[in-house]
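Good morning, and thank you for joining. I should like to walk you through one structure, moving from a single residue to the whole chain and then to a few local features. Please keep the sequence and the structure in view as I speak.

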Amino acid sequence: MELSNVEGDKYRSYLHEEEEKNTKWRYGAPPNYDVVNKLFEEERTKVWPPGSLEEKVQNLVKTWEMEIFHKERLEDFKTIDTKKYVFSLNGKEALTMEGIQKLGGGYNPQLQTSLPEEFRCYDPDKETSESSHRAFTTTFPRGFALEVLKVYTGPPEIVYKFRHWGYNEGPFKGHAPTGELVEFYGMAIFEVDEEMKIVRVEFFYDRGELLGGLLKGATMDSSALEAASSCPFLRNTG
């Protein structure tokens, strides 16, 4: 279970290698993870030994996440078999790559909900990949860090527990930032084929643990919200 060594990023592959020179990046250039890597290294609760299964799984997940959010063309994906790949959240119907694109990409597949529309503080049916990414990079200017806490089984069906966290230092959906830590925990299953390409992903977590922490701030008026959100750094991402 190996990912290629990446110059410039300790945790993600397929960013700066020669084979990526023709990759079409969603925001014009490869993302820079320096800020969120700093947050990760300062506040992670686990430091896995180099070469361990846990480290390899953690790097695989970070690389998968990078490709999902930043690579525009399916042919540029290296971690996924895009023809077989399916994604599901909390036991919902699995989405193919085509289904993910129809849903808008970005955070939308990870934030699917059965809530009635009037109760949705974040509505994946109305967000695009760009608006979704802008919302979270604005509210988490230092990024949204990820760590693997435990790996229960290795390939071909990887089962692991994870923690995602960041600091609510920018507005979110009309709510002022609180500066507080926002985090949630979950479980995931990654099924890989004989070439270590991901063919199935299942996540299990409570999206309310994330969104609830972003709605604590006071409601902002439209002028203050526009000023606060006018310059999102889409390439500095978690």
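Let us begin with Asn 32, which sits in the segment before helix 1, the helix of residues 34–43. Please bear in mind that this is a predicted model. Is Asn 32 buried, exposed or partly exposed? Its relative accessible area is 33%, so Asn 32 is partly exposed, because that category lies between the 20% limit for buried and the 50% limit for exposed. The side chain of Asn 32 has a polar atom 2.8 Å from the backbone nitrogen of Asp 34. Asn 32 may also be placed relative to Leu 15: the two are 17 residues apart along the chain, and their C-alpha atoms are separated by 9.4 Å.

A second side chain invites a similar description. Asp 123 is located in the loop between helix 3 and helix 4. A polar atom of the Asp 123 side chain lies 3.0 Å from the backbone nitrogen of Asp 125. The relative accessibility of Asp 123 is 8%, and because buried means under 20%, Asp 123 counts as buried.

I turn now to the chain as a whole. The protein has six helices and six strands. Read from the N terminus, the order of these elements is α-α-β-β-α-α-β-β-β-β-α-α. The protein has 238 residues, of which 52% count as buried. The area that it exposes is about 11400 Å², and 50% of this is supplied by carbon and sulfur atoms. How many of the contacts between residues at least 6 apart in sequence join residues at least 24 apart? The share is 64%.

One helix deserves a separate word. Helix 4 covers residues 129–139 and is mostly covered, with eight of its 11 residues buried. Those buried residues are Ser 129, Ser 132, His 133, Ala 135, Phe 136, Thr 137, Thr 138 and Thr 139.

Next, the empty space. Rolling a probe the size of a water molecule over the atoms shows where such space is left. In this structure there are four cavities of 30 Å³ or more. The largest cavity has a volume of about 190 Å³. It is lined by 16 residues, and those closest to its centre are Glu 65, Gln 110, His 164, Phe 184 and Tyr 205. Which element gives the most to the lining of the largest cavity? That element is helix 2, with four residues. Helix 2, residues 53–70, and strand 4, residues 157–167, each supply at least two residues of this lining. By class, the lining of the largest cavity divides into 13 nonpolar residues, two polar residues and one charged residue.

Alongside the cavities, I would draw your attention to the second largest pocket, which holds about 210 Å³ of space. Thirteen residues line this pocket, and the closest to its centre are Arg 26, Ile 68, Ile 100, Gln 101 and Gly 105. Helix 3, residues 97–103, provides the largest share of the lining of the second largest pocket, namely three residues. The lining of this pocket has five nonpolar, five polar and three charged residues.

Finally, let us consider the backbone. As a general matter, most residues other than glycine have a negative phi, and most peptide bonds are trans. Against that background, where is the cis peptide bond? It joins Pro 155 and Pro 156, with omega at about 10 degrees. Pro 156 belongs to the loop between strand 3, residues 145–153, and strand 4.

Two residues are to be noted for phi. Asn 90 is not a glycine, yet it has a positive phi of about 55 degrees. Asn 90 occupies the loop between strand 1, residues 86–89, and strand 2, residues 95–96. With a relative accessible area of 38%, Asn 90 is partly exposed. Met 196, also a residue other than glycine, has a positive phi near 65 degrees. Met 196 is found in the loop between strand 5, residues 181–192, and strand 6, residues 198–204. Its relative accessible area of 22% makes Met 196 partly exposed, because buried would require a value under 20%.

That concludes my presentation, and I welcome your comments.

Definitions and conventions. Residues are numbered from 1 along each chain as its sequence is written. This is a predicted model: local features need pLDDT of at least 70, side-chain atom pairs count only at pLDDT 80 or more; totals for chains, interfaces and linings use all residues. Side-chain values use heavy atoms; hydrogens and water are left out. Buried means under 20% relative accessible area, exposed over 50%, partly exposed in between (1.4 Å probe, protein chains only). A polar contact is a pair of N or O atoms within 3.5 Å; within protein, one must be able to donate a hydrogen and the other to accept it, and residues adjacent in sequence count only if both atoms are side-chain atoms. Contact means heavy atoms within 4.5 Å. Accessible areas come from the Shrake-Rupley method with a 1.4 Å probe; for residues, only the protein chains shown count as cover. On a 1 Å grid over the protein atoms alone, a cavity is a set of points where a 1.4 Å probe fits but cannot get out, and a pocket is an open set with protein on both sides within 12 Å along at least five of seven lines; lining residues have an atom within 4 Å of a point. Grid points are joined across faces, edges and corners, and a volume is the space filled by probe spheres set on the points. Ala, Val, Leu, Ile, Met, Phe, Trp, Tyr, Cys and Pro count as nonpolar, Asp, Glu, Lys and Arg as charged, and the others, Gly among them, as polar.
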